[in-house]
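This report covers a sheet, a helix packed on it and a pocket. Have the model open while reading.

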Amino acid sequence: MADPIADLYAKTPCAGLLPVRVANLTVTEVEMGVMTTLSLFHGTEATAYKALEDGHGLRWPAPLTTGQGDGARILWFGRGQALLAGVTPDECLAAHMAVADQSDAWAAVHLTGDQADDILARLVPIDLRETVFPVGSTARTQLMHMQASITREASDRFLILVFRSMAATLVHDLKSAMEAVAARG
């Protein structure tokens, strides 16, 4: 008789889907570590900003910007919201903002290659050319029919976050766009 207790193990959102390579373009999964959304309480902005600086040495990101320091990174995530990644949030933050663990909620990938802008131009409704969206810029936007966060990390690399349940769709849409761009020659 088989053992009734299953051996369970954690899988990443893109397990078995990545990496994908087409011409000089690649999509690889990114391990972001602990991911936490921070949502400001109305009227506590000044004390929340100070708590973030005291707890992590990070400034609250201005709209469409990111920041880094001591293994942590912070992404603007919408009005009054940020995503803290790479560290466990300091306990002092909870007194000034809503703190919610998102570590298992997101799929994170890198799109890398000198035509990464061209790939995303087929999939998103905003202009991500480097002249408009320089390194360190981030945006919440649509990627095809999915909500996404897109951050330019280098001139040829984007960090893309979508809900974990959309990981396979993200990989499919990126691969299709990569093949279309590669076919142009």
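Strands here are DSSP runs of E with at least two residues, numbered from the N terminus. The model is predicted.

**Pocket**

The largest pocket has a volume of about 230 Å³. Its lining counts 16 residues, and the closest to the pocket centre are Thr 12, Pro 13, Glu 31, Ser 103 and Arg 164. Which strand gives the most to this lining? Strand 8 (residues 106-112) does, with three residues. The table splits the lining of the largest pocket by class.

| Class | Lining residues |
|---|---|
| Nonpolar | eight residues |
| Charged | five residues |
| Polar | three residues |

**Sheet**

Strand 8 also belongs to an open sheet of six strands, ordered 1-2-8-11-10-9. Pairing is antiparallel. Strand 1 (20-22) and strand 9 (138-143) are the edges. Each has a single partner strand, so one side of each lacks a neighbour in the sheet. On average, neighbouring strands of this sheet are turned by 25 degrees against each other, direction ignored.

At the strand 9 edge, six bridges link strand 9 to strand 10 (residues 146-154), and the two run antiparallel. Leu 143 stands opposite Met 146 in strand 10.

**Helix on the sheet**

Helix 3 (residues 167-183) packs on the sheet. Helix 3 touches strand 1, strand 2 (25-29), strand 8, strand 9, strand 10 and strand 11 (157-163). How does the direction of helix 3 relate to that of strand 1? The two make an angle of about 15 degrees.

Methods:
Residues numbered from 1 in each chain as written. Predicted model: local features only at pLDDT ≥ 70, side-chain atom pairs only at ≥ 80, totals over all residues. Heavy atoms only, no water. 1 Å grid on protein atoms, 1.4 Å probe; cavity = no way out; pocket = protein on both sides within 12 Å on 5 of 7 lines; lining within 4 Å. Points joined across faces, edges and corners; volume = space filled by probe spheres on them. Helix = DSSP H or I, 4+ residues; strand = E, 2+ residues; numbered from the N terminus. Nonpolar A, V, L, I, M, F, W, Y, C, P; charged D, E, K, R; others polar. Pairing = 2+ DSSP bridges. Axes fitted to C-alpha atoms, helices over the stretch in contact; angles between N-to-C directions. Contact = heavy atoms within 4.5 Å.
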